[in-house]
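Colleague: Please take a close look at one part of this model, and then set that part in its surroundings. I would like the cut-offs stated as you go.

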There are 2 protein chains.
Amino acid sequence: MSDKIELTEAEAGGRRTRGEGRGAAARRASRTGGGAGPSLPFITRKIKEYEVLDEEGLQLIENNADLILEEIGIEFREDPEALELWRKAGADVRGERVHFPKGLCREILKTAPSSFTWHARNPERNVTIGGKATVFAPVYGPPFVRDLEGVRRYATIEDFRNFVKLAYLAPSVHSSGGTVCEPVDVPVNKRHLDMIYSHIKYSDKPFMGSVTAPERAEDTIAMAKLVFGDNFVENNCVTLNLINANSPMVFDETMVGALKVYARHNQACVISPFILSGAMSPVTVAGTLTQILAEVLAGAAFTQLIRPGAPVLFGTFAASISMQSGAPTFGSPEPSLVSYGAAQLARRLGLPFRTGGSLCGSKVPDAQAAHESANTINMTLLAGTNFVLHAAGWLEGGSSPPMKSS
Amino acid sequence: MSDKIELTEAEAGGRRTRGEGRGAAARRASRTGGGAGPSLPFITRKIKEYEVLDEEGLQLIENNADLILEEIGIEFREDPEALELWRKAGADVRGERVHFPKGLCREILKTAPSSFTWHARNPERNVTIGGKATVFAPVYGPPFVRDLEGVRRYATIEDFRNFVKLAYLAPSVHSSGGTVCEPVDVPVNKRHLDMIYSHIKYSDKPFMGSVTAPERAEDTIAMAKLVFGDNFVENNCVTLNLINANSPMVFDETMVGALKVYARHNQACVISPFILSGAMSPVTVAGTLTQILAEVLAGAAFTQLIRPGAPVLFGTFAASISMQSGAPTFGSPEPSLVSYGAAQLARRLGLPFRTGGSLCGSKVPDAQAAHESANTINMTLLAGTNFVLHAAGWLEGGSSPPMKSS
């Protein structure tokens, strides 16, 4: 498989040196990346956002999120520094659980930018995160791949490189992403180095950092500094970093540790409650939205305690589960309603918003996969999402990216 | 194929006589129509409509439609009565082309109801057309079927009966539709009789009338009267009837003739410009919307000249064509924008709205079919559509309904 799509760096990224003319040769050159600009600019939306909640509903959810933050609180696990920072900021810390006086998180979040530039090594590939901009990135996290022969197997670093190359060549994909697959043939303790190196070597689009341990976040920063320069990294966003809440109501030491490294270096954190409604949150749309808002408020505000002004996104990963089997489902109406509502809450907070993608539960790239993916990406665009992970498709609820649809 | 899904009337429509309990037997009974209520009620939307046009855009399109109606006019072909009615109503008739003074059509349309009941033989299956109601009907018009073995062939009356039975059994399909396929094994001059008879015999959901000639519309009314009663038909809507404009800017004698029959008997007309943007209208969304509004204003107002108060829908069938091959395309962004805008124009006119369905260009029920269908049905629902033809899917741009997806 890898042979078929193996490309030299020059072929993939070379500036237009041939095929300048019109006709088949030029089209072929454009298709194979020989053209001057294989990448389309990020989307600037000119259509309205679709909104499901009215003012009364929004205020009810916001008030209830404040109530949850104050009365139930959020755990910041095994991180004394985080607890000390919250104590100093005026929160009521009991054990590892932080209780937030009403309005505290919102007040702290006033220093977070509503829009910022995510820098690529090639400045022509810089993207805006926030406002009317929508940026597509490929799938994040699958341990498996389904190759061109349809065989499902564990992913390798060779697959990882190929997915980075594919993201680089795909005109509508604006970032090479992060963990485009989990290269299980490389030991965990140095896997992140190969992954970041692949993003730097095989693409000049913006990329995401490693979040699996604080020291791996530090390594990401160090590698970014090699290509962007020390001073540039400290003053600009060159990595977007996925910080999942351990819903319900917990940020663990890994996520808090990575968050602290990235925020300290002015890199963007995407605070994303990972929710399968009915399993990690109430089964209702309103209940899920309330929990999401509480978790994001705590996590996003924490970035500002580390470094006021550090870029941070309101993230949402919302799916539902089959109440019969417990299996996650995708492309169904409830998660769409959750995401539409979360987008509204994010806009009211003044934070860029991440959700959606082309999500499905199907095991193969079939009609079910296409229908569910279309349902999700339609919602993602109409919600006014700023950063879209998994935009190029996935299979099996995110267990594997299809070579074909990526 | 027909053997496999052949059902007796008792099996299909019988009231619950067995399988009352829980468990597998009850679920099987429910699936096979043995349950008490195989049909779900029509949808009452609780979510907002998605709107693409602001007040300025809407007014611009409305003003330009008025300009088109006045300066270019609309042809009513080979129908002296229609021309005479327009002359009396104050229009400027030149040959077969009717020019409408500004505001005339809107003024005439004030007698049209914004919402009405479409009666089924079984009153429990009555549906509301208009307001927050959304009603699903199956595909309309395909000359071919693709059977369960995947074989594509001309449709027969046996297929027609089976599609009516399927629509009757499908819980989310609220009408058995109209020309669910074109039964080409029955001579054209009496085909409509077999079609209407099938709708009456194999379903108790509301059905659509024949529009292929004025006398076939009369036959539809006569057959409806046999089951609903003379007086009931004259005072209630028991058929919805698809009146396509011959875009651009023409209503032909067949459509005008059928419209007159149905409006005279108080039956509902769905005035639907059939538009492939770039072929029958300007290629732009705004230009297409302007033409659609002009055509609907003329056709819908004409129903009120025939019988003030007769129910009429603002219909839109919008697709785009490939500018390379001329082939129709479905599930693409531009027709979605057209439909969103047309829905807004319909609400401002106070008329129920028809568009969309599960449309695709694919020849087989594959991933392309599913993706395009999902794009279309998402738009259809968010636009706030009242009556949805083709809701249960089609193939080949409407050339054949798939047995599987219907």
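**Helix α13 of chain B and its setting**

Modeller: Of the 17 residues of α13(B), 12 are buried, so the helix is largely enclosed by the rest of the structure. Buried here means under 20% relative accessible area, exposed means over 50%, and partly exposed is what lies in between, with a 1.4 Å probe and protein chains only. Helices are DSSP runs of H or I with at least four residues, strands are runs of E with at least two, and both are numbered from the N terminus.

The model is predicted, so the conditions come first: local features need pLDDT of at least 70, side-chain atom pairs count only at pLDDT 80 or more, and totals for chains, interfaces and linings use all residues. Residues are numbered from 1 along each chain as its sequence is written, chains are lettered from A and ligands numbered from 1 in the order in which they are written, and side-chain values use heavy atoms, leaving out hydrogens and water.

The buried positions of α13(B) are B:P335, B:S336, B:V338, B:S339, B:Y340, B:G341, B:A342, B:A343, B:Q344, B:L345, B:A346 and B:L349. From first C-alpha to last, α13(B) reaches 25 Å, close to the 24 Å expected at 1.5 Å a residue; the expected span is 1.5 Å times one less than the number of residues. Just after the helix, B:G350 takes a positive phi of about 80°.

One of the buried residues, B:L345, is touched by B:E62, which also touches B:R106, B:L293 and B:R348, leaving aside residues up to four places away in sequence. Contact means heavy atoms within 4.5 Å. B:E62 itself sits in helix α4 (residues 55–71) of chain B, and at 11% relative accessibility it counts as buried.

Helix α13 also takes part in the chain interface. In all, 17 residues of chain B are in contact with 17 residues of chain A. The two chains bury about 1400 Å² between them, 63% of it on carbon and sulfur atoms; buried area is the accessible area, with a 1.4 Å probe, that two parts lose on being put together, summed over both. B:K48, B:Y50 and B:H371 lose the most area to chain A within chain B, together 37% of what that side buries.

Between chain B and chain A the count of salt bridges is 0, a salt bridge being a side-chain nitrogen of Lys or Arg within 4 Å of a carboxyl oxygen of Asp or Glu. Polar contacts do cross the interface, with 4 residue pairs found, both residues at pLDDT 80 or more. Such a contact is a pair of N or O atoms within 3.5 Å; within protein, one must be able to donate a hydrogen and the other to accept it, and residues adjacent in sequence count only if both atoms are side-chain atoms.

On the side of chain B that touches chain A, α13 (333–349) and α14 (367–383) each supply at least two residues. The most comes from α14(B), with 7 residues. By type, that side divides into 10 nonpolar, 3 polar and 4 charged residues. Ala, Val, Leu, Ile, Met, Phe, Trp, Tyr, Cys and Pro count as nonpolar, Asp, Glu, Lys and Arg as charged, and the others, Gly among them, as polar.

Salt bridges occur elsewhere, 48 over all chains. In chain B, B:E396 pairs with B:R146, the closest N and O atoms being 3.9 Å apart. B:E396 lies in the segment after β18 (387–388) and B:R146 in strand β8 (residues 144–146), so the pair ties together parts that are 250 residues apart in sequence. Both residues are buried. In chain A, salt bridges with shared partners join A:E55, A:E62, A:R106 and A:R348 into one network.

Another chain A salt bridge links A:R97 to A:E75 at 3.2 Å between the closest N and O atoms. A:R97 lies in strand β4 (residues 97–99) of chain A and A:E75 in strand β2 (residues 74–76), so this pair ties together parts that are 22 residues apart in sequence. A:R97 is partly exposed at 27% relative accessibility, whereas A:E75 is buried at 16%.
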